[in-house]
Amino acid sequence: VQLVESGGGLVQPGGSLRLSCAASGRLFSINDMGWYRQAPGKERELVATITNGKTKNYGDSMKGRFTISRDNGKKTVYLQMDNLKPEDTAIYYCKADVVFAWGRESSYWGQGTQVTVSS
């Protein structure tokens with residue numbers, strides 16, 4: 001199973017970015033998908049998660065600015081980030097809880113994509 005992220009980059013404060021993460025491989029289904037981030041010198045923190053039924057959960061500092069969504073047919077999760085702030089600068093990681101045909105569930109992480117908010 002591979003998770004491939006895209007959409008990171010450099011943006012000015014107040015700007016927007018949209019991250020994508022596509023899962024591939026011999027998997028049966030995907031339960032929760034989500035985004036986490038890690039800034040230099042800090043622990044990895046929750047950005048947002050979304051269940052297979054599309055119930056969403058957000059970290060406190062992201063509420064009202066970030067929107068998570070998913071396309072189950074494309075095995076892809078998205079993160080729309082608006083009104084970005086310098087403190088949003090971090091490496092953003094995608095996570096997926098994958099279910100295999102034989103019933104085993106495992107969590108997978110993407111390689112990370114850099115988001116830098118700076119003027």
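Is Trp102 buried or exposed? Trp102 is exposed, with a relative accessible area of 61%. This residue belongs to a predicted model, and its ring neighbours are described below.

## Aromatic pairs

Three aromatic pairs are present in the structure. In one of them, the rings of Phe100 and Trp102 are stacked, with 5.1 Å from centre to centre and 10° between the planes. The two partners differ in accessibility: Phe100 is buried at a relative accessible area of 5%, whereas Trp102 is exposed at 61%.

The grouping extends to a further residue, Tyr108. Ring pairs join Phe100, Trp102 and Tyr108 into a cluster.

## Charges over rings

Two arginines are placed over tyrosine rings. Arg18 lies over the face of Tyr78, 4.2 Å from the centre of the ring. Arg44 has its charged end over the ring of Tyr93, at 3.9 Å from the centre of that ring.

## The four-stranded sheet

An open sheet is built from four strands, which follow the order 1-3-8-7 with antiparallel pairing. Its edges are strand 1 (2-6) and strand 7, each of which pairs on one side only. From one strand to the next, the twist averages 15°. Strands of a sheet pair through backbone hydrogen bonds, and the pairing may be parallel or antiparallel.

Within this sheet, strand 7 and strand 8 are joined by six bridges in the antiparallel sense. One facing position is that of Phe66, which stands opposite Met81 in strand 8. Strand 7 covers residues 66-71, and strand 8 covers residues 76-81.

## Loop residues with positive phi

The loop between strand 7 and strand 8 contains Lys75. The phi angle of Lys75 is near 55°, a positive value in a residue other than glycine. Lys75 counts as partly exposed because its relative accessibility is 29%, which falls between the cut-offs of 20% for buried and 50% for exposed.

Asn83 lies in the loop between strand 8 and strand 9 (90-99). Its phi is also positive in a residue other than glycine, with a value near 50°. Asn83 is partly exposed, at a relative accessible area of 41%. Asn83 is also among the residues in contact with Arg65.

## Arg65 and its surroundings

Where is Arg65 placed in the chain? Arg65 is in the loop between strand 6 (56-58) and strand 7 (66-71). Arg65 counts as buried because its relative accessible area is 9%, under the cut-off of 20%.

Neighbours within four places in sequence set aside, the contacts of Arg65 are Gln80, Met81, Asp82, Asn83, Leu84, Lys85 and Asp88. One of these contacts, Met81, is the residue that Phe66 stands opposite in strand 8. Another, Asp88, is the salt-bridge partner of Arg65.

## Salt bridges

How many salt bridges does the structure have? The count comes to five salt bridges. Among them is the bridge between the side chains of Arg65 and Asp88, at 2.7 Å from N to O. This pair links distant parts of the chain, 23 residues apart: Arg65 is in the loop between strand 6 and strand 7, and Asp88 is in the loop between strand 8 and strand 9. Both Arg65 and Asp88 are buried.

Another salt bridge brings together the side chains of Glu45 and Arg37, at 2.6 Å from N to O. Here the partners fall into separate accessibility classes: Glu45 is partly exposed at 33% relative accessibility, and Arg37 is buried at 5%. Salt bridges link Arg37, Glu45, Arg65 and Asp88 in a network.

Lys95 and Asp97 also form a salt bridge, in which the closest N and O atoms are 3.0 Å apart. Lys95 is buried, with a relative accessibility of 18%. Asp97 is buried as well, at a relative accessible area of 11%.

Terms used. Residues numbered from 1 in each chain as written. Predicted model: local features only at pLDDT ≥ 70, side-chain atom pairs only at ≥ 80, totals over all residues. Heavy atoms only, no water. Helix = DSSP H or I, 4+ residues; strand = E, 2+ residues; numbered from the N terminus. Buried < 20%, exposed > 50% of the residue type's maximum accessible area, 1.4 Å probe, protein only. Contact = heavy atoms within 4.5 Å. Salt bridge = Lys/Arg side-chain N within 4 Å of Asp/Glu carboxyl O. Phe/Tyr/Trp six-rings, centres within 6.5 Å; stacked < 30°, edge-to-face > 60°. Lys NZ or Arg CZ within 6 Å of the ring centre and 35° of its normal. Pairing = 2+ DSSP bridges. Axes fitted to C-alpha atoms, helices over the stretch in contact; angles between N-to-C directions.
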